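Hi,

Here is the structure I promised to pass on. My notes follow below it, so have a look at the model first and then read on.

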Amino acid sequence: MTAQTDTPGSVTTVYQVSGMSCGHCEGSVSSEISEIPGVGSVKAVAATGEVTVVSETALDEAAVCAAVDEAGFELVGRA
């Protein structure tokens, strides 16, 4: 799901990530995705496996996948 937010020039994308089970997991995923150029904010929720990313433009899914992999989890796809 990709949708325009209230902030002009930004895109919100929700990804599904498997393997997160706690706040530490959320922090690891958020930290890695935050390093992708153009990312403004990241909110990971272990209970649902959803990671909401607000960025300047649509992100390269391969970059998101690599960041999630680096954190030790698996990107399932977009929610």
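A quick definition before the strands: two strands pair if DSSP finds at least two bridges between them. Helices (H or I, at least four residues) and strands (E, at least two) are themselves DSSP runs, numbered from the N terminus.

This is a predicted model, in which local features need pLDDT of at least 70 and side-chain atom pairs count only at pLDDT 80 or more, while totals for chains, interfaces and linings use all residues. Residues are numbered from 1 along each chain as its sequence is written, and side-chain values use heavy atoms, with hydrogens and water left out.

The overall layout: the protein has two helices and five strands, and along the sequence they come in the order β-β-α-β-β-α-β. Of its 79 residues, 37% are buried (buried is under 20% relative accessible area, exposed is over 50% and partly exposed is in between, with a 1.4 Å probe and protein chains only). The accessible surface is about 4,300 Å², and carbon and sulfur atoms account for 52% of that (areas are from the Shrake-Rupley method with a 1.4 Å probe; for residues, only the protein chains shown count as cover). Looking at contacts between residues at least 6 apart in sequence, 59% link residues at least 24 apart (a contact means heavy atoms within 4.5 Å).

Now the sheet. Strand E2 (residues 11-18) runs antiparallel to E4, with six bridges joining them; one partnership to look for is Thr12 with Val54 of E4. E2 also pairs with strand E5 (residues 74-78), again antiparallel, over four bridges, and there Gln16 has Gly77 as its partner. Six of the eight residues of E2 are buried, so this strand is largely enclosed by the rest of the structure.

E4 has another neighbour as well: strand E3 (residues 39-45) is antiparallel to E4 and joined to it by six bridges, with Lys43 opposite Thr52. What do the side chains along E4 do? In a regular strand they alternate between the two faces of the sheet. Here, in residues 50-55, Val51, Val53 and Ser55 point to one face and are buried, while Glu50, Thr52 and Val54 point to the other and are not.

The E3-E4 hairpin has four residues between its strands, and Gly49 takes a positive phi near 80 degrees there. Thr48 sits in the loop between E3 and E4 and is partly exposed, at 43% relative accessibility. Its side chain comes to 3.2 Å from the backbone nitrogen of Glu50. Thr48 is also 8.8 Å from Met20, C-alpha to C-alpha, although 28 residues separate the two in sequence.

Last, the cysteines. How many disulfides does a search of the whole structure find? Zero (a disulfide here is a pair of cysteine sulfur atoms within 2.5 Å). Why is Cys22 not bonded to Cys25? Because their sulfurs are 3.5 Å apart, which is too far for a bond. For Cys25, too, the closest cysteine sulfur is the one in Cys22. Cys22 is partly exposed at 33% relative accessibility, whereas Cys25 is buried at 9%.

Cheers

Note on methods
Polar contact = N/O pair within 3.5 Å; in protein donor to acceptor, adjacent residues only side chain to side chain.
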